[in-house]
Amino acid sequence: MHLIGMQHVGITLGSRPILADVNVEVHDGSRIGIVGPNGGGKTTLLRLLAGTLVADEGFRTIARHVSIAMTTQQDSFSPSQTIRQAVSGMWDGFIPSNDGTHTNNAAAAMWERDARLRSIHAGLMPDLDLDAPVAELSGGQRRRVALVRALCADADILVLDEPTNHLDIEGITFLANYLRARFDTAKPKGALVVVTHDRWFLDMVAERMWEVVPGDFRKDRMRPGHVEVYEGSYAAYIQKRTERARQAQVREEKRQNILRKELAWLSHSPPARSSKPKFRRDEALALIEDVPPLRDEVQLAQMATRRLGKTVIDLEDVSFSWLGRRAPVLDHVTYRFAPGERVGILGVNGAGKSTLLDIISGALAPGSGHVKRGKTVALAELLQNTTELDELANMRTVDAVDVVAHRIVVGKKELSALQMTERMGFSHERAYTPVADLSGGERRRLQLMRLLMAEPNVLLLDEPTNDLDTDTLAAVEDLLDSWPGTLIVVSHDRYFLERVTNHQMAVIGGKLRDLPGGIDEYMRRQDEMNSSASSSASSSDSPRQASGDQSKTQAGSGLAGARKYQAAKDLARLERKIDKLTATKDSYITQQAKLSGEGDWEGLAQVSRQVADIEAQIAAAEDEWLNLGALLESE
């Protein structure tokens, strides 16, 4: 069922034609992810689609009685509202009274009746007091409340602009699972359109991708941007985009190599092995057979040891507590970071990840214990804010890089400051733009370039992916691949962590825990802790009984031998079925081309219906394959 669409839509803002000839449709059951560079027109596209911005040309169609809920980068909460009122007030028929009493009572009653609302609250803002005034919240907390308000709206189409910002990994995982369940393509009921730079989230949620290709605004050509549509998830988009680039023999070889390298990661990473059907992996491997390994681990380790020596940073029985907080943030942490180690740090918001980085960098002194730094350590830290660039506001971007160092060696190549800015996605025009005129994402890139130009051998990155688009993230990852130092990354971006680090750890209960199973192990641990806490809270039995129940839950979480054998057989059966269905689909597509050439439109329509039926069968088989694969992978 068609819900909303745009035909030949174009819009000009100021003197620049931002988008032109946009032709997109949203159908019932669609889950659409939108990607593109910062400033390319993604938010403009969302506003055109939602109807909050009127196009200059073309037209927008929307089915009768279709409603839209949308999040933006700004919220419109009243300072006097509580969180409960702000969320509940989104609903139709909710009319607040003058004194607010009726508002609060009605909101509380509504909250108690709606299990979905309680579930979303627990998943996305468990740390927030529902009766706290919105005026007391931080910017990130307000964004989360705005997201919950949109999710709870009784809307047919949900339009989300950067919903994963300010969420931790648990929140991002909850949101992905919630959206997949709510907009189940097998049971269409509404549609999702989301702009995000979180590639793991995109791969989990989207089943169709729109790429906003920005315009070219040089003086000799004023070419507006446009939208390209790709079927499939983010991984499929990367593969198809790479194929298009190769077929067209694009001139930007650097960008193509990054895309192919990204494809190599998608094909070889642990998440890929557990979520990509075999026939698709084989297809991808054929494309990347000549791609070198992402990183030469042996060479990087040797270079790091030569630069750093044996001692990098040693934490010895380190503890730290914030004044007024009963439990310590860090509790007797001991760890020795090795030369060339690449580690990702996980943990819920407030767990102590940034505190750990500050103690490593020396910005904070531990309450007890010792921090030992090697004599040759040259440490640099990427902070979450970019205020350090304010004093360079009148300087050109390339000069802001050049003032740190004229040249840098990356891998085996020597790059000038200008070459570095180009590698990080700055056009010639933007490289000579004043720092004051840069976007948030560009400021983030400049901040990272200045750090790397100083050639540190220990790099601390605190949420480095904030404000970066997917192409820039790929460029940053490519750059870090050849950086021979010790890398410590705090991030909620699952894809980035798995891409640039070799192993992950988590701050849990003040302890620094190793995660041999990576982020999947962390999520399992968190689920077990949450399940245990829920069981303890709801049980009136003795502590011994509660402990026994937890043991049963953990013991019952695995697959018995016979069931595991059957699951493996079913997995192989499904792969054969998918291969057979795909071959059938290919034969139908060949038949379509023949009928189209003969002008047999009736026959073409019949075959097209058969193709659609086959695609539905493939999708169902793949879903079953994915579920079984994930179950076996967890063993």
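In this predicted model, F320 has L330 as its bridge partner in strand β11. That pair belongs to a run of 5 bridges joining β10 (residues 313-320) to β11, and the two strands run antiparallel. Zooming out a little, both strands sit in an open sheet of 3 strands, ordered β11-β10-β13, with antiparallel pairing. The edges are taken by β11 (330-337) and β13 (368-373); each has a single partner strand, so one side of each is left without a neighbour in the sheet. Direction ignored, neighbouring strands here are turned by 10 degrees against each other on average. Helix α13 (residues 353-361) packs on this sheet and touches β10, β11 and β13, its direction making about 125 degrees with that of β10.

There is also an open sheet of 6 strands, and its pairing is mixed. Read across, the order goes β14-β17-β18-β12-β19-β20. The edge positions belong to β14 (379-382) and β20 (511-515), which have a single partner strand each, so one side of each is left without a neighbour in the sheet. The average turn between neighbouring strands of this sheet, direction ignored, comes to 20 degrees. Within the sheet, β12 (residues 342-346) and β18 (residues 486-490) pair in the parallel sense over 4 bridges, and G344 stands opposite V489 in β18.

Next up is the nonpolar interior. The largest nonpolar core counts 44 residues, and the ones touching the most other members are L346, M420, L446, L452, L459, L461 and Y522. Helix α17 (residues 440-453) supplies the largest share of this core, 6 residues. Another core, of 39 residues, lies apart from it, with M125, A150, I172 and W200 among its members.

Y522 deserves a closer look. Not counting residues up to four places away in sequence, Y522 touches I169, E170, L346, G347, V348, A506, I508 and L515. Two of the names on that list, L346 and L515, come up elsewhere too: L346 is among the core residues that touch the most other members, and L515 is one of the contacts of E521. E521 itself is placed in helix α20 (residues 518-538). Despite its charged side chain, E521 has a relative accessible area of 14% and counts as buried, because the cut-off for that label is under 20%. Leaving aside neighbours within four places in sequence, the contacts of E521 are D514, L515 and P516.

Helix packing gives another view of the fold. Helices α4 (residues 115-124) and α6 (residues 169-182) pack with their axes 8 Å apart, at an angle of about 150 degrees. That makes α4 roughly antiparallel to α6, since angles over 145 degrees get that label. On the α4 side the contact is made by R116, S119, I120, G123 and L124, which meet G171, F174, L175, Y178 and R182 in α6. Sorted by class, the contact holds 5 nonpolar, 3 polar and 2 charged residues.

Last comes V87, in helix α2 (residues 83-88). With a relative accessible area of 0%, V87 is buried. V87 and L147 are 60 residues apart in sequence, and their C-alpha atoms are 9.1 Å apart in space.

How values were computed. Residues are numbered from 1 along each chain as its sequence is written. This is a predicted model: local features need pLDDT of at least 70, side-chain atom pairs count only at pLDDT 80 or more; totals for chains, interfaces and linings use all residues. Side-chain values use heavy atoms; hydrogens and water are left out. Two strands pair if DSSP finds at least two bridges between them. Axes are lines fitted to C-alpha atoms, for helices over the stretch in contact, and angles run from 0 to 180 degrees between N-to-C directions. Buried means under 20% relative accessible area, exposed over 50%, partly exposed in between (1.4 Å probe, protein chains only). Contact means heavy atoms within 4.5 Å. Angles under 35 degrees count as roughly parallel, over 145 as roughly antiparallel, 65 to 115 as roughly perpendicular and the rest as oblique. A nonpolar core is a set of buried Ala, Val, Leu, Ile, Met, Phe, Trp, Tyr and Cys residues joined through side-chain atoms within 4.5 Å.
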